[in-house]
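Please open the structure in your viewer and keep the sequence beside it, so that each selection can be found in both places. The stops below are meant to be taken in order.

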Amino acid sequence: MNRPPAYQFYPKDWLDFRVQRMSLAAQGAYMKLLCFMWKDSQDQCSIIDDDRAIATAIGVPYDMWKELRAEIQFPGDPILIEEGEERRILRSARLQREAEKQRNHSIKQAERGKRGAQKRWQKEHSQGHSSGHDPAIAGGMTENGSSSSSSLKELNKEDVLAQKPEKSLSPAKPSPKKQPIPISLPEGFTISDDLWEWGSKKNYVREWMEREFEKFCDRNRATGERYIDWEAAFRNWLLKAEEFAASRNGRPPMPNNGRALNRTERIPL
């Protein structure tokens with residue numbers, strides 16, 4: 001699917017208090033960040049959180065960017081979401097909603113086009129096979145006007161054979177598989193027995209998995225992330241948390257001390 005080249009600009013959103021409390025310089029820097037997110041990032045709503053790289057990209061000295069950033073990320077009410085541990089990024093929730101809206105619109109338009117093409121094909125196919133009197137039947141009449149029964153039988157036989165579709169020698173094309181669609185955090189999502197068993201094999205402490213599960217859910221509620229497989233997403237989260245703890249402490253995080261995880265308990269959201 002082609003990337004949308006532009007996003008809609010809503011004056012009402014731009015005149016929001018959180019934008020207008022910035023100086024004009026900070027507003028310009030913020031707009032430039034949004035353009036970089038939409039143009040260069042894979043999800044069209046994020047940018048790497050590197051102050052020196054951002055200062056160079058928007059064309060201001062490093063110290064000036066730090067002052068502008070303080071206006072954009074107003075203490076207690078930042079306009080961009082800061083996330084990530086090893087690879088930190090800034091994310092725009094507004095651009096994320098816009099990107100999802102445009103992708104959903106493109107999918108609907110493509111499906112609508114397919115349905116329209118199917119209807120046109122069915123209509124043309126039915127018209128091409130509509131019944132009618134064949135003028136060749138007149139050849140089945142004798143010169144004196146009486147009908148020849150044998151000629152009519154031959155014509156009917158030929159007509160039946162002509163209406164039978166020829167068998168195609170080429171193999172039938174398999175129907176394309178329907179691609180799974182990413183969804184938001186499911187209501188009632190919890191640590192399943194399979195996840196407990198997986199964590200036990202990795203020697204993860206139950207309490208540590210519970211804390212990471214709460215952080216994982218809170219983070220995705222705040223950002224509106226969508227996944228096809230939420231259990232796989234949580235496993236990746238735990239693996240990254242383990243790597244981060246290992247790099248920070250120089251050892252694997254929280255060995256299980258031989259105590260197996262109790263997989264009969266669940267954590268409700």
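The tour goes from the whole chain to single residues, then to charged pairs and a surface patch.

**The whole chain**

Begin with everything shown as a cartoon, bearing in mind that this is a predicted model. The protein contains 10 helices and 3 strands, and if you follow the cartoon along the sequence you will meet them in the pattern α-α-α-β-α-α-β-β-α-α-α-α-α. If you then switch to a surface view, the area that the protein exposes is about 19,300 Å², of which carbon and sulfur atoms supply 54%. Of the 269 residues, 28% count as buried. Among contacts between residues at least 6 apart in sequence, 68% join residues that are at least 24 apart.

**Two loop residues**

Select Gln44 next, which you will find in the loop between helix 3 (24-40) and strand 1 (46-48). Although Gln44 is not a glycine, it has a positive phi of about 60°. Is Gln44 buried or exposed? With a relative accessible area of 3%, Gln44 is buried, because the limit for that class is under 20%.

Now move along the chain to Asn203, in the loop between helix 8 (193-201) and helix 9 (206-223). Asn203, which is not a glycine either, also has a positive phi of about 60°. The relative accessible area of Asn203 is 45%, and this residue is therefore partly exposed.

**Charged pairs**

The next selections concern charged side chains, and a general remark may help: side chains of opposite charge can pair when their charged atoms come close. A search of the whole structure finds 22 salt bridges, and three of the stops that follow show such pairs one at a time.

Select Glu82 and Arg69 together, and look for the salt bridge in which their closest N and O atoms are 3.4 Å apart. This pair links distant parts of the chain, since Glu82 belongs to strand 2 (residues 81-83) and Arg69 to helix 5 (residues 62-72), with their positions 13 residues apart in sequence. Glu82 is partly exposed at 39% relative accessibility, whereas Arg69 is buried, with a relative accessible area of 13%. To see the wider setting of this pair, add Asp49, Asp51, Lys66 and Arg88 to the selection, for these residues are linked with Arg69 and Glu82 in a network of salt bridges.

Then go to Glu98 and Arg94, which form a salt bridge whose closest N and O atoms are 3.6 Å apart. Where do these two residues sit relative to one another in helix 6? They are 4 residues apart in that helix, and so about one helical turn separates them. At 2% relative accessibility Glu98 counts as buried, while Arg94, with a relative accessible area of 27%, is partly exposed.

For the third pair, select Arg221 and Asp218, where the closest N and O atoms of the salt bridge are 3.0 Å apart. Both residues lie in helix 9, and because they are 3 residues apart there, they too are separated by about one helical turn. Arg221 counts as partly exposed at 47% relative accessibility, and Asp218 likewise counts as partly exposed at 47%. While Asp218 is still selected, draw a distance line from its C-alpha atom to that of Leu185: the two atoms are separated by 10.0 Å, and the residues are 33 apart along the chain.

**Back to helix 6**

Return to helix 6 and select Glu100, which counts as buried at 18% relative accessibility. Which residues does Glu100 touch, once its neighbours within four places in sequence are left aside? Glu100 is in contact with Gly224 and Arg226, so displaying the side chains around these positions will show you where the contacts fall.

The last stop is a positive surface patch, formed by Lys108, Arg112, Arg115 and Lys119. To place the patch on the cartoon, select Arg115, which is found in helix 6 (residues 93-128), and then add Lys108, Arg112 and Lys119 to bring the whole patch into view.

Definitions and conventions
Residues numbered from 1 in each chain as written. Predicted model: local features only at pLDDT ≥ 70, side-chain atom pairs only at ≥ 80, totals over all residues. Heavy atoms only, no water. Patch = residues over 30% accessible without salt bridge, like charges linked within 9 Å, V, L, I, M, F, W, Y side chains within 5 Å. Areas by Shrake-Rupley, 256 points an atom, 1.4 Å probe, with all protein chains shown as cover. Salt bridge = Lys/Arg side-chain N within 4 Å of Asp/Glu carboxyl O. Lys, Arg positive; Asp, Glu negative; His and termini not counted. Charge placed at Lys NZ, Arg CZ, Asp CG, Glu CD. Buried < 20%, exposed > 50% of the residue type's maximum accessible area, 1.4 Å probe, protein only. Contact = heavy atoms within 4.5 Å.
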